[in-house]
Amino acid sequence: ATAGHGGTSREQLVRLFWPDQPAERARQALRQALHATSRALGADDLCTGVERLRVDPARFTCDAAEFDEAIRARSWGRAVALYQGPVLDGFHAGDVPEFERWAD
């Protein structure tokens, strides 16, 4: 959702979440994760795109993306209103350096 209109490539997501898995297994895990997330949200069309995935901003919002946009627009009051504290406070993904860099 934070990738905006350009989305994120499937390969980037696979490397981020399943870096140690064989390529086909990692792609299958991504398909399953997208399917489970779509079902949980009741949204068959959660993501659009084939190679690059993006969340439909007309259906779903992302506070982190809104925060980034407020900063780019120099809308400081909006940015402060959106800030809610530490991101993923206390969450640890294990030994996944790419995720840790992203979270930082």
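Helices here are DSSP runs of H or I with at least four residues, and strands are runs of E with at least two, both numbered from the N terminus. The model is predicted, and the exercises below work through its elements, sheet, surface and pockets.

**Exercise 1. Place W102 in an element, and describe the surface patch to which W102 belongs.**

Solution. Step one is to locate the residue: W102 lies in helix α5, and this helix covers residues 97–103. Step two is to find the partners of W102 on the surface, which are V87, L88 and F91; together the four residues make up a nonpolar patch with about 440 Å² of accessible area.

**Exercise 2. State how many helices and strands the protein has, and in what pattern they follow one another along the sequence.**

Solution. Begin with the count, which gives five helices and three strands. Then read along the sequence, where the pattern is β-α-α-β-β-α-α-α. To complete the outline, take the extent of the C-alpha trace along its principal axes, about 45 × 30 × 25 Å.

**Exercise 3. Work out the order of the strands in the sheet and list the bridge partners that residues of β3 have.**

Solution. As background, strands of a sheet pair through backbone hydrogen bonds, either parallel or antiparallel. In this model the three strands form an open sheet in the order β1-β3-β2, and the pairing is antiparallel. The edge strands, each of which pairs on one side only, are β1 (8–9) and β2 (47–48).

Next, take each pairing in turn. Between β1 and β3 there are two bridges in the antiparallel sense, and T8 has L53 of β3 as its bridge partner. Two bridges also join β2 to β3, again antiparallel; here T48 is partnered by R54 of β3, while C47 stands opposite V55.

The last step is the connection between β2 and β3, a hairpin with three residues between the strands, in which G49 takes a positive phi near 100°.

**Exercise 4. Identify the parts of the chain that the salt bridge between R27 and E11 links.**

Solution. The general point comes first: side chains of opposite charge can pair when their charged atoms come close. The structure holds five salt bridges, and one of them joins the side chains of R27 and E11 at 3.9 Å, N to O, a distance that falls within the 4 Å cut-off. Placing the two residues then shows that R27 is in helix α2 and E11 in helix α1, 16 residues apart, so that the pair links distant parts of the chain.

**Exercise 5. Describe the largest pocket by its volume, its lining and the elements that contribute to the lining.**

Solution. Start from the volume, which is about 1,000 Å³. The lining consists of 32 residues, and those closest to the centre of the pocket are A1, T2, A3, T8 and V55. Sorting by element, two or more lining residues come from each of α1 (10–17), α2 (23–41), β3 (52–55), α3 (63–72) and α5 (97–103), with the largest share, five residues, supplied by α2. Sorting by class instead gives 20 nonpolar, eight polar and four charged residues.

**Exercise 6. Repeat the analysis for the second largest pocket, and name the element that gives the most to its lining.**

Solution. The second largest pocket holds about 400 Å³ of space. Of the 13 residues that line the second largest pocket, T2, D63, A64, F67 and V87 lie nearest its centre. The elements that give two or more residues to this lining are α3 and α5, and α3 gives the most, with four residues. By class, the lining of the second largest pocket divides into eight nonpolar, three polar and two charged residues.

Methods. Residues numbered from 1 in each chain as written. Predicted model: local features only at pLDDT ≥ 70, side-chain atom pairs only at ≥ 80, totals over all residues. Heavy atoms only, no water. 1 Å grid on protein atoms, 1.4 Å probe; cavity = no way out; pocket = protein on both sides within 12 Å on 5 of 7 lines; lining within 4 Å. Points joined across faces, edges and corners; volume = space filled by probe spheres on them. Nonpolar A, V, L, I, M, F, W, Y, C, P; charged D, E, K, R; others polar. Pairing = 2+ DSSP bridges. Patch = residues over 30% accessible without salt bridge, like charges linked within 9 Å, V, L, I, M, F, W, Y side chains within 5 Å. Areas by Shrake-Rupley, 256 points an atom, 1.4 Å probe, with all protein chains shown as cover.
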